Amino acid sequence: MALETLLLRIDRIAGGRQAGVSISEDDRTHPRTRRAFTWIFWLLLVELVLGLGAVVVALLLAVNGEPVSLAVWMRTVIVLAMTATLFYFAWRAAKGWRWAYLRLRLFSQIFPVITLVIAAIPNLYPVWMVTEQIIFSLIMIGIADFLTSDHMRAAFRDPAPEKPQSSAT
């Protein structure tokens, strides 16, 4: 129980005013919701393996005397940190927390754009890292596709009551 209390405090920081908003149990346990999160977790695992692979490649190059730029090292660290954060958001969203779903959806739509723009900067990264960034972006687009499906948007819709319409008399 102490762990969940700690996680709720983290949720409060990460989720802001939406931190306490959760979806219905029916929406959370719906087969399509569960299937989407299963795919999302697998895709994030691929992202993690891809990020670890980039670290291994950079380490092997450095050990063999090849120059590895600071940009490459920073990229590998940032990808691993981002992936860990996305795992947290996905886990909390799968538990039904709307804030986590919104953060995960936002980042899965923004990160591919940022990654591809940075990859397009000439000579910033070696070809192997540009390839890694393109693959990373494609996987993130896949995650975004699951999160923006009609079912997921309906399951995680804003629970705020609709404003009553004023009647014209």
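User: What makes α4 stand out in the lining of the largest pocket?

Analyst: In this predicted model, α4 supplies the largest share of that lining, namely five residues. The elements that give two or more residues to the lining are α4 (70–94) and α5 (98–119). Among the lining residues are A71, M74, F111, Y125 and Q133, and the space in the pocket comes to about 150 Å³.

User: What kinds of residues make up the lining of the largest pocket?

Analyst: The lining divides into eight nonpolar residues, two polar ones and one charged one. Since Arg counts as charged by definition, R75, which belongs to the lining, falls in the charged class.

User: How do you know that α4 is close to its expected length?

Analyst: The helix α4 has 25 residues and spans 36 Å from its first C-alpha to its last, which is to be set against the 36 Å expected at 1.5 Å a residue. The same test can be put to α6, whose 21 residues reach 30 Å between the first and last C-alpha, close to the expected 30 Å.

User: Why is T83 called buried?

Analyst: The cut-off for buried is under 20% relative accessible area, and T83 has 1%, so T83 counts as buried. T83 is placed in helix α4, and, leaving aside residues up to four places away in sequence, it touches L44, E47, L48 and F136. Other buried residues of α4 include V72, V79, L86 and F89.

User: Why is P67 called exposed rather than buried?

Analyst: Exposed requires over 50% relative accessible area, and because P67 has a relative accessibility of 75%, it counts as exposed. P67 belongs to the loop between α3 and α4. P67 and A54 are 13 residues apart in sequence, and their C-alpha atoms are 15 Å apart in space.

User: What makes I40 and I143 notable in the largest nonpolar core?

Analyst: That core holds 30 residues, and I40 and I143 touch the most other members. The elements giving two or more residues to this core are α3 (31–63), α4, α5, α6 (127–147) and α7 (150–155), with α4 giving the most, seven residues. If residues up to four places away in sequence are not counted, I40 touches A90, L104, I143, F146 and L147. In soluble globular proteins, nonpolar side chains tend to be buried together.

User: Which residues are included in the second core, and what makes it a second one?

Analyst: It is separate, has six residues, and includes A54, V68, V72 and Y125. A core is joined through side-chain atoms within 4.5 Å.

User: Against which elements do the buried residues of α6 pack?

Analyst: They pack against α3, α4, α5 and α7. The buried residues of α6 include M129, F136, I139, I143 and L147.

User: Why is N123 called exposed rather than buried?

Analyst: With the cut-off for exposed set at over 50%, the relative accessible area of 79% puts N123 in the exposed class, so the term applies. N123 lies in the loop between α5 and α6.

User: What is notable about the phi of N123?

Analyst: N123 has a positive phi of about 65°, although it is not a glycine. A positive phi is also found at G96, just after α4, where the value is about 105°.

Note on methods: Residues numbered from 1 in each chain as written. Predicted model: local features only at pLDDT ≥ 70, side-chain atom pairs only at ≥ 80, totals over all residues. Heavy atoms only, no water. 1 Å grid on protein atoms, 1.4 Å probe; cavity = no way out; pocket = protein on both sides within 12 Å on 5 of 7 lines; lining within 4 Å. Points joined across faces, edges and corners; volume = space filled by probe spheres on them. Helix = DSSP H or I, 4+ residues; strand = E, 2+ residues; numbered from the N terminus. Buried < 20%, exposed > 50% of the residue type's maximum accessible area, 1.4 Å probe, protein only. Contact = heavy atoms within 4.5 Å. Expected span 1.5 Å × (residues − 1).
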